[in-house]
Structures are given as structure tokens and as C-alpha cells.
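Here is a short report for a first look at this structure. It covers a helix, a threonine and the cysteines.

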Amino acid sequence: MRALLIRDLRLAFRSGGGFGLGLAFFLLVAVLVPLGVGPQGSTLALIAPGILWVGALLACLLSLDRIFALDFEDGSLDLLTTSPIPLEGMVAVKALAHWLVTGLPLTVCAPVLGVLLNLPAAGYGWLVLSLGLGTPALSVIGAFGAALTVGVKRGGLLLSLLVLPLYVPTLIFGAEVVKRGALGMEVATPLMLLAGITLGASAMLPFASAAAIRITLR
């Protein structure tokens, strides 16, 4: 499983489709929103938590179709399904690789982009914490959507339509954590719900994804 993780990370960095594209999109969102909304600091501070979370969500969405599609096209997915590695473990490793390439860099860079959106100082720690807890759920849910659409030609739009509704709870609670933290309010409830979504998705969706891949490859 470690070899599979290293392989996926090497492929992601060589192609540049996940790491660079996600960060570039996240940066564009943080730069363009102040230009469109206006330079008013109070307005930007009000919408910053939601904008940062929407940007991170869409940046993760950009590379979801690469999780299984390339392996399906070159036949590697058939070999992986017959390897000693459980298919559920393979799905979990691929979701982890996606998070390491997209979610983790977005989490690290988010405070820098928060400066562009005039995020209150009290919200920076909560922004990093919420993204650190929430972005793994985005990768696991995205892997489930990618498993459902693997083998579908030009399935990127279908993948987005399937995954976006499942992303909504993570988006709501993640942005709520940052908003409440920036205002000095209690954040325990949305933070626990966000952690619960990530733990629940990580526990159940690899099995659902593996089942979807088995059905596709029959």
C-alpha cells in the first residue's frame, strides 16, 4: 500500500494536474473576489470564510476525475483489483494521495490567501483547523464519485453533479467554524459535525467505492 501511495504521488507531481492546478485555482479565487466585490474591508471580512471554503472545495473538485480514470485507461486498475491489496484499501490510499496533493497544500496556503480577503486575525487558526478536518472528507467523497463514473467517457461533468450535493454539509460546517471562530463565538458544534462527516465518510465510502469499481469492471 505504501508503494501504491508513492506511485500515485509521483504521478501527480509529474503531471502537475492536481498540485499546481488546485493551488492556482485557489489563488485566482482569492484574487478575483476582492476585485469583483470591492475593496471594502468589512464586506470582505464577512464573506471571507465562505469564499475560502468554496475555493478549496472547487480546487479539490478539479482533479477528482484523475483518481481512477488514468488507471482505468492503461489497464492498471484491473491489475490493482487482482492484487493482494484489498480493493477498499486501494481506494483509501488513492483518496489519501489526492488529499496529500490537493487538500494539504490548500490547507497550508489558506492563511496567506485569507490576508487577501481581510479575514479577521482570530479566524486564521480556525481556518487551518477546519480545512485540515474537512478536506479529507472532500477527497474521500470525491473518490466515491470517481468510482461511480470510472469508465464513463467525458464523465467530468457527471462527476461534478454527483459529488457537489455530497459536499454541501462539509462546506456549510467548515465555513461556519471559520465564521464563528473569527467572531469569537463557540465553535464546538460545527467542528464536531465536520469531524463526524470526515470520520463517517472515511469509514464507509471506501467500501461503497470498491463495490462501484467491481460492478464497473465486471
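In this predicted model, the buried residues of helix H9 pack against four helices: H5 (76-81), H6 (87-116), H7 (124-149) and H8 (156-183). Those buried residues are Pro190, Leu191, Leu194, Thr198, Ala201, Leu205, Pro206, Ser209, Ala210, Ala212 and Ile213.

H9 itself runs over residues 188-217, which makes 30 residues. From first C-alpha to last it reaches 43 Å. The span expected at 1.5 Å a residue is 44 Å, so the two values are close. Still, H9 bends by about 35° at Leu205. A proline, Pro206, follows within four residues. Both Leu205 and Pro206 are among the buried residues of H9.

Helix H6, one of the packing partners of H9, holds Thr107. Is Thr107 buried or exposed? Its relative accessibility is 7%, under the 20% cut-off, so Thr107 counts as buried. A polar atom of the Thr107 side chain lies 2.8 Å from the backbone oxygen of Gly103. Beyond its neighbours within four places in sequence, Thr107 is in contact with Val128, Leu131, Gly132 and Thr135.

Now the cysteines. How many disulfides are there? The count is zero. Cys60 is in no disulfide, and the nearest cysteine sulfur, that of Cys109, is 12 Å away. Cys109 is in no disulfide either; its nearest cysteine sulfur is that of Cys60. A disulfide needs the two sulfur atoms within 2.5 Å, so this pair does not qualify.

Accessibility for three of the residues discussed:

| Residue | Relative accessibility | Class |
|---|---|---|
| Cys60 | 0% | buried |
| Thr107 | 7% | buried |
| Cys109 | 30% | partly exposed |

Methods. Residues are numbered from 1 along each chain as its sequence is written. This is a predicted model: local features need pLDDT of at least 70, side-chain atom pairs count only at pLDDT 80 or more; totals for chains, interfaces and linings use all residues. Side-chain values use heavy atoms; hydrogens and water are left out. Buried means under 20% relative accessible area, exposed over 50%, partly exposed in between (1.4 Å probe, protein chains only). Helices (H or I, at least four residues) and strands (E, at least two) are DSSP runs, numbered from the N terminus. The bend at a residue is the angle between axes fitted to the seven residues ending there and the seven starting there. Contact means heavy atoms within 4.5 Å. A polar contact is a pair of N or O atoms within 3.5 Å; within protein, one must be able to donate a hydrogen and the other to accept it, and residues adjacent in sequence count only if both atoms are side-chain atoms.
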